[in-house]
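Me: I'm new to reading structures, and the whole thing at once is a bit much for me. Could you pick one part, look at it closely, and then show me what's around it?

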Amino acid sequence: MHTTRTLIRTNDQSLAMASTNFIVATTSTALFFSLLLLVVPSSNCADLESHHHHHHKVPKSDVDLLEFPLNLEYFEAELFLHASLGYGLDKVAPNLTAGGPSPVGAKAAKLGPLIKDIILQFAYQEVGHLKAIKKTVKGFPRPLLNLSADSFAAVVDKAFGHALKPPFDPYANEINFLLASYLVPYVGLTGYVGANPKLHGPVSKRLVAGLLGVESGQDAVIRALLYERAHLKVEPYGKTVAEFTNRFSELRDKLGHDGHKDEGLVVLRHQGAEGKVEGNVLAGDKYSVAYDRTPEEILRIVYGSGDASVPGGFYPKGGNGHIAKSHLHRV
C-alpha cells in the first residue's frame with residue numbers, strides 16, 4: 001500500500017514538472033515569435049502603404065515619371081465617372097482635383113446595366129489610382145480636359161481620314177462608348193510599361209506595377225467586350241467594330257512616331273500570337289509582351305497633334321506636371 005502511494009506521488013510530481021516545463025516552453029515560444037514579429041519587416045503591401053506618406057522615400061529621378069500618368073488617370077476618372085454617374089471628381093472626390101478646371105463636355109452615356117456596372121467599377125478604380133499616386137508623390141492639379149462628343153468625333157474622323165456623318169458620339173450608346181474607352185487605358189498601360197525600367201526606387205516600382213496590373217485589366221475587359229462584337233456594324237456608319245479598333249490603333253501608331261506599338265482586335269495571321277491566329281483580344285509584340293511608350297509618345301497621341309509641344313484634342317491647354325510642361329515651354 002505504501003509503495004503504491006509513493007508511486008502515485010512520484011507520478012503526480014512528474015506530471016506537475018512536465019506541465020510546468022510545457023508552460024515555460026510555450027511561453028518562451030510565444031515570446032520568441034512576438035519578438036520575431038517586431039524584428040521582421042511587414043509585407044510589401046504594408047510597406048507601400050507606409051511609404052505612401054513619405055515622399056522622401058521616392059528618388060528624385062522617379063518623381064516626374066510617377067506624376068506624369070496623373071494626366072491620363074484624370075482623363076479616365078472623369079470619363080468613366082461621368083459616363084456611369086452623370087458627374088465627376090468635383091462631386092466624388094473634389095480634393096483630388098487640387099483646384100484644376102472642370103472637364104468640358106463630359107456627360108452620362110446611354111449604357112445598359114452590365115456595361116454601366118463595369119464602367120462604374122473602372123471609375124472608382126481610377127479614383128483609387130489618383131489617390132495612390134498623390135500619396136506617393138505631390139502630384140499636380142487636374143488639367144483642362146475636353147471630353148465633349150466633338151472632341152471624340154475629331155479623333156474618329158482623323159482615324160478614318162474623313163468626317164463621319166453624323167459625327168461620332170461616344171455617349172450615344174454602349175458600342176460607341178466602348179469604342180471611345182478603347183482609346184484610353186491602353187495608352188496608359190503602354191506608358192507604365194515604358195516607365196518601369198527607368199524607375200529606381202522599390203516603392204516607385206511597386207506602385208507602377210500595381211497600376212499597370214489594373215490598367216491592363218481594364219483594357220482587356222474593354223477589348224473582350226468589343227471582340228465579342230467585332231463583326232457587328234457600328235450604325236449608321238456601316239463599318240464593323242473591328243475596323244474601328246484597327247483604325248484607332250493605326251492612328252495611335254501614326255501619332256506616336258515610334259514604330260508599331262498598337263494593334264486592333266483582328267490582325268493578319270502572321271501578326272497574331274505565335275503567327276497562328278487572327279483574333280487579337282490582347283495587343284502584344286511577336287512574343288505577346290506588352291508594348292511600351294515614352295511620355296513624349298503619349299503626349300503626341302492624346303494631343304492628337306503628333307507633337308508633344310502642340311497641345312489640343314483632349315488636352316486643349318496641354319498636360320500638367322514637369323514632363324508635359326517642359327515640352328510646352330519649347331514652343
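Reply: Sure, let's start at the second largest pocket, which is lined by N246, S249, E250, D253, H260, D262, E263, G264, V266, V267 and Q271. Keep in mind that this is a predicted model. The space in this pocket comes to about 160 Å³. What kinds of residues make up its lining, by class? There are 2 nonpolar, 5 polar and 4 charged ones.

Now find H257, which sits in the loop between α11 and α12. Is H257 buried or exposed? Its relative accessible area is 53%, and anything over 50% counts as exposed, so H257 is exposed. Its backbone is worth a look too: H257 isn't a glycine, yet its phi is positive, at about 55°. S288 is another one to find in the loop between α11 and α12. S288 isn't a glycine either, and its phi is positive at about 60°.

Follow the chain on into helix α12, residues 295-303, and you'll meet E297. E297 has a relative accessible area of 2%, which is under 20%, so it counts as buried. What does the side chain of E297 reach? It gets to the backbone nitrogen of T294, at 3.1 Å. If you skip the neighbours within four places in sequence, E297 is in contact with G256, D258, K261 and D292.

Helix α12 is a handy guide to the enclosed spaces. How many cavities of 30 Å³ or more are there? The count is 2. The largest cavity has a volume of about 140 Å³. It has 17 lining residues, and the ones nearest its centre are F68, P69, G191, Y192 and I298. Helices α4, α9 (185-195) and α12 each give its lining at least two residues, and α9 gives the most, with 5. Sorted by class, that lining holds 8 nonpolar, 4 polar and 5 charged residues.

The second largest cavity has a volume of about 40 Å³. Its lining is made of F68, N71, L72, I298, L299, V302, Y303, Y315 and G319. Which element gives the largest share of that lining? It's α12, with 4 residues, and α4 and α12 each supply at least two. By class, you'd find 7 nonpolar and 2 polar residues there, and no charged ones.

Let's stop at N71, one of the residues lining that cavity. N71 belongs to helix α4. With a relative accessible area of 4%, again under the 20% cut-off, N71 is buried too, so don't look for it on the outside. Beyond its neighbours within four places in sequence, N71 is in contact with F140, P143, Y315, G319, N320 and A324.

Next comes the largest pocket, with a volume of about 270 Å³. Of its 20 lining residues, V155, I301, V302, G304 and F314 are the closest to the centre. Helices α4 (70-85), α7 (149-160), α11 (241-256) and α12 are the elements that give two or more residues to this lining. By class, it has 15 nonpolar, 3 polar and 2 charged residues.

From the pockets, let's go to the packed parts. In soluble globular proteins, nonpolar side chains tend to be buried together. Here the largest nonpolar core has 77 residues, and F75, L79, L89, F177, L179 and F244 touch the most other members. Take F244: leaving out neighbours within four places in sequence, it is in contact with V156, F160, L164, F168, L179, V234, Y237 and K239. Another core lies apart from that one, with 5 residues, including Y186, L189, A283 and Y291.

Last, two backbone details to spot. The peptide bond from K165 to P166 is cis, with omega near -5°, and P166 is in the loop between α7 and α8 (174-182). E235 and P236 are joined by a cis peptide bond as well, with omega about 0°. You'll find P236 in the loop between β1 (233-234) and β2 (239-240).

Note on methods:
Residues are numbered from 1 along each chain as its sequence is written. This is a predicted model: local features need pLDDT of at least 70, side-chain atom pairs count only at pLDDT 80 or more; totals for chains, interfaces and linings use all residues. Side-chain values use heavy atoms; hydrogens and water are left out. Buried means under 20% relative accessible area, exposed over 50%, partly exposed in between (1.4 Å probe, protein chains only). A polar contact is a pair of N or O atoms within 3.5 Å; within protein, one must be able to donate a hydrogen and the other to accept it, and residues adjacent in sequence count only if both atoms are side-chain atoms. Contact means heavy atoms within 4.5 Å. A nonpolar core is a set of buried Ala, Val, Leu, Ile, Met, Phe, Trp, Tyr and Cys residues joined through side-chain atoms within 4.5 Å. On a 1 Å grid over the protein atoms alone, a cavity is a set of points where a 1.4 Å probe fits but cannot get out, and a pocket is an open set with protein on both sides within 12 Å along at least five of seven lines; lining residues have an atom within 4 Å of a point. Grid points are joined across faces, edges and corners, and a volume is the space filled by probe spheres set on the points. Ala, Val, Leu, Ile, Met, Phe, Trp, Tyr, Cys and Pro count as nonpolar, Asp, Glu, Lys and Arg as charged, and the others, Gly among them, as polar.
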